[in-house]
Amino acid sequence: MDTILQLGAARSSAYVCFANVHMLVEAHKDPAFRNVLDEASLVTPDGSPVAAAVGWFHKQKQPRVAGMDLLPVLLAEAARRNQSVYFYGTTNEVLEAIMKRAKQELPSLRIVGAYSPPFRPLTPEEDAADVAAINAADPDLLFVALGCPRQERWMANHRHQIKACMLGVGQAFLVYAGLEQRLPVWARKLWLEWAYRLWLEPRRLWRRYLVTNSHFVYLMARKKLTGSIGS
């Protein structure tokens with residue numbers, strides 16, 4: 001949290017990725033996306049399996065650092081430090097719910113902007129206008145919710161253009177807005193969050209979880225046996 005807020009205060013055009021199984025498997029398959037993660041200012045183990053893998057292979061205890069957990073904490077600390085925030089992505093309905101909750105719980109939080117871009121590739125003119133609007137608002141922290149891997153690519157492409165610390169928090173917007181519930185802590189500790197998400201969106205996610213989770217298990221097993229996951 002301190003690192004992120006310091007990056008924001010420095011206006012260093014940094015970006016932070018919260019890496020779950022899906023993101024790491026995408027990075028393993030796509031060298032260009034792997035570079036996006038490699039060049040991030042900070043990458044945290046968002047998923048429990050990712051945190052566990054860090055512990056297994058680096059012989060150290062690594063707690064999960066999820067975007068869903070960090071978003072409300074960062075907003076509260078930003079309010080305490082008088083740092084400003086901007087929300088980019090998702091829908092107008094979600095953004096309105098986020099700002100309503102934040103203003104109720106954190107009346108001193110400086111929300112300097114919120115924008116929901118179209119769900120399509122932006123024209124160069126539209127993109128330039130978004131960058132100009134964000135920089136004019138001058139946030140310390142820019143929370144980005146465009147879905148993985150789109151939001152991570154967007155942050156990497158806008159490094160050195162946007163003067164803020166960008167955070168790809170995706171689904172955390174829905175949870176903070178109160179439009180999607182999270183599992184109890186005990187269920188999250190049992191790694192059941194993916195099953196809950198699958199239950200909520202089976203048609204969209206079944207293939208991702210079947211293929212991606214299986215691929216992650218395969219990669220971890222290969223590293224355990226051979227010391228390498230290959231390229």
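**Second largest pocket and two buried residues**

The second largest pocket has a volume of about 600 Å³. The model is predicted. In total, 22 residues line this pocket. Leu 24, Val 50, Phe 216, Met 220 and Ile 229 lie nearest its centre. Five elements each supply at least two lining residues: α2 (21-29), α3 (31-38), β2 (42-45), α4 (48-58) and α12 (202-226). Helix α4 gives the largest share of the lining, with five residues. By class, 15 of the lining residues are nonpolar. Four are polar and three are charged.

Helix α12 also holds Thr 212. Thr 212 counts as buried because its relative accessibility is 6%, under the 20% cut-off. Thr 212 and Val 21 stand 191 residues apart in sequence. In space, their C-alpha atoms are 7.3 Å apart. Val 21 is in contact with Thr 212, as are His 22, Val 25 and Arg 207, with neighbours within four places in sequence left aside.

A second buried residue is Asp 130. Asp 130 belongs to helix α7, which spans residues 124-137. No salt bridge is found for Asp 130. The nearest side chain of opposite charge is that of Arg 150, 7.9 Å away. Beyond neighbours within four places in sequence, Asp 130 is in contact with Tyr 88, Tyr 115, Pro 117 and Leu 122.

Methods. Residues are numbered from 1 along each chain as its sequence is written. This is a predicted model: local features need pLDDT of at least 70, side-chain atom pairs count only at pLDDT 80 or more; totals for chains, interfaces and linings use all residues. Side-chain values use heavy atoms; hydrogens and water are left out. Helices (H or I, at least four residues) and strands (E, at least two) are DSSP runs, numbered from the N terminus. Buried means under 20% relative accessible area, exposed over 50%, partly exposed in between (1.4 Å probe, protein chains only). Lys and Arg count as positive and Asp and Glu as negative; His and the chain ends are not counted. A salt bridge is a side-chain nitrogen of Lys or Arg within 4 Å of a carboxyl oxygen of Asp or Glu. Contact means heavy atoms within 4.5 Å. On a 1 Å grid over the protein atoms alone, a cavity is a set of points where a 1.4 Å probe fits but cannot get out, and a pocket is an open set with protein on both sides within 12 Å along at least five of seven lines; lining residues have an atom within 4 Å of a point. Grid points are joined across faces, edges and corners, and a volume is the space filled by probe spheres set on the points. Ala, Val, Leu, Ile, Met, Phe, Trp, Tyr, Cys and Pro count as nonpolar, Asp, Glu, Lys and Arg as charged, and the others, Gly among them, as polar.
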